Amino acid sequence: MIADESVAEFISLAGASDEEARGYLEMAGGNLQQALGLFFEMGGATSSPSPALQPARPPSPVEYNEDVAAEVRAAAVAAGIDAGPMGMQDEAMEEVRAPMPSYQDQIIDPEHEQRRMEEAMAADSAAMYRRMSFDRGNDPAGAGAGEQQDEQMGEGNTGKAINRLFAPPEYNEGASYYQTIEKAKTEGKWVLVNIQQAEVFASHTLNRDVWSDDTVKDVIQGSFLFWQRDDKSAEGDQFCHYHQCGHQLPHICIIDPRTGRRVKNWDGRKWVESHAAAEYLLGFLDQFSMSRSPPPQSPVGSPTSKPQAIPDPSSIELQGLDEPMEVERSNTRDAEQPVESDPVPVMPDEPAEDIEHLKVSIRLPSGQRITRRFRPEDPLEQMFVVAAALAEKPARLVDLSTQFPKRSLRDIEGGLTLPMKDAQVAGNMIMVNVRT
């Protein structure tokens, strides 16, 4: 119940009518200060100071429920919302918009994102192929033959033949760098990276002379995954920035997929000859192996970890019910040894250095390289005996082949009795293969 004194004081201070004063006091719970604040905040101050002079409100065409309006105004005040003057309620209700319809959506579509990445990689690969081509117009983004050379070569089969001659190898990985790393980790291979630059002709000679060589191809496909990009491709540019190799192109390096670290790198201009490239790759495989722990400079390799020694089987004891029993392995070992029908040949004597001789580098299946001296008149069969003794296999199971040119020495013209000086093996790398 609102006191008459509060209503009179409200009318004297605000100049409102008796009805307005009681309404605001009811909203404020009888608090005169809050009622006055509501009156002035809701526009009551613009009303006439005298209730006698205030015109009568026209009748509303819509039925107006004072109780419901009071509850709405009280809730609005409690929530800090300006409810407006009492006479504006109908208009405010008409301005309220309809609620937004609810819906469900996905921020990122994984399949769409995967397709987008694949399309971007395909476009990047096609752009790299255009930059490395010779039969195109002048392109500021990469090297090209220019318009003059393009006119000279024409648009026929000549340009296509040149592009095929300098095209990247077929075994170049088309996947992204990180997908190639994961694939190499699964297959237990190294990653051979080649960053090209179209303006440097050495990049093109690598494709023409080195990566197309049969020996280099066999070495790479056997122990590496090959990943080639140019410096203007998205991934090639990122690789150059990360490994700081963009100042010296073409760049060749080997990545350990287990650690992601660059193990060895070369200036690509030193690889212009295929035999030098084969020596670099074979030398790397002699020094490193995926079957061993990562190199010491690798962050995964621990500098304090050492391989544990394999215990002697004779020292192993099994605790039985009554007394210890020694493990007898001798019979088992003898049973596991393969029985060879032919004996392993004895290593022949090596000629002294002060007599006439020729040197041959022999590469064993384990990757070890051994340089051996032979007499020029020794038959070619002598080399098979030496290789069989080094591999500890019968001579009939051993095959020898040269790298440059690549040929099998068992099928050489003249047979195994041909003198070594006539077999053209001096100073060459001889690959040893053992048939199973």
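1. In this predicted model, helices α11 and α13 are a good place to begin, and they are roughly parallel to each other because their axes cross at roughly 25°, while an angle has to be under 35 degrees to count as roughly parallel. The two axes come within 9 Å of each other, and α11 passes α13 in a left-handed crossing.

2. The residues that bring these two helices into contact can be listed from each side. From α11 come T215, V216, V219, I220 and S223, and from α13 come S274, A277, A278, L281, L282 and L285. When the residues of this contact are sorted by class, eight are nonpolar and three are polar, and no charged residue is found there.

3. Which helix supplies the largest share of the lining of the second largest pocket? That share comes from α11, which gives five residues, and α11 (214–223), α13 (274–287), β9 (398–402) and β11 (429–434) each supply at least two. The pocket holds about 650 Å³ of space, and of the 28 residues that line it, the closest to its centre are S223, L282, L285, R363 and M431. Three of these names deserve a second look, since S223 of α11 and L282 and L285 of α13 also belong to the contact described above. By class, the lining of this pocket has 10 nonpolar, 12 polar and six charged residues.

4. A separate feature is the enclosed space. How many cavities of 30 Å³ or more does a search of the whole structure find? The search finds one, and the largest cavity has a volume of about 30 Å³. As a general point, empty space is revealed by rolling a probe the size of a water molecule over the atoms.

5. The lining of the largest cavity is made up of P348, D349, P351, R372, R373, F374, R375, D378, Q382 and V386. Strand β8 (369–374) and helix α15 (381–391) each supply at least two residues of this lining, and the largest share, three residues, comes from β8. Sorted by class, the lining of the largest cavity has four nonpolar, one polar and five charged residues.

6. Towards the start of the chain, helix α2 (residues 18–27) and helix α3 (residues 32–41) have axes that come within 8 Å and cross at roughly 115°. That angle makes α2 roughly perpendicular to α3, because the range from 65 to 115 degrees counts as roughly perpendicular. The crossing of α2 and α3 is right-handed. In this contact E20, Y24, L25 and M27 of α2 meet L32, A35, L38 and F39 of α3, and by class there are seven nonpolar residues, no polar ones and one charged residue.

7. Helix α3 also has a contact with helix α1 (residues 4–14), where the two axes come within 11 Å and cross at roughly 40°, and this crossing is right-handed. Here S6, E9, F10, L13 and A14 in α1 meet L32, A35, L36 and F39 in α3, and the contact has seven nonpolar, one polar and one charged residues. A reader who compares the two lists for α3 will find L32, A35 and F39 in the contact with α2 and again in the contact with α1.

8. The last point concerns the backbone in the loop between α12 (234–243) and β3 (251–256), which is where P250 has its place and where Q244 is found as well. In general, most residues other than glycine have a negative phi, and most peptide bonds are trans. What kind of peptide bond joins L249 and P250? The bond is cis, with omega at about 5°. Q244, for its part, has a positive phi of about 55° although it is not a glycine.

Key: Residues numbered from 1 in each chain as written. Predicted model: local features only at pLDDT ≥ 70, side-chain atom pairs only at ≥ 80, totals over all residues. Heavy atoms only, no water. Axes fitted to C-alpha atoms, helices over the stretch in contact; angles between N-to-C directions. Helix = DSSP H or I, 4+ residues; strand = E, 2+ residues; numbered from the N terminus. Parallel < 35°, antiparallel > 145°, perpendicular 65-115°, else oblique. Left-handed = near helix turned anticlockwise from the far one by under 90°. Contact = heavy atoms within 4.5 Å. Nonpolar A, V, L, I, M, F, W, Y, C, P; charged D, E, K, R; others polar. 1 Å grid on protein atoms, 1.4 Å probe; cavity = no way out; pocket = protein on both sides within 12 Å on 5 of 7 lines; lining within 4 Å. Points joined across faces, edges and corners; volume = space filled by probe spheres on them.
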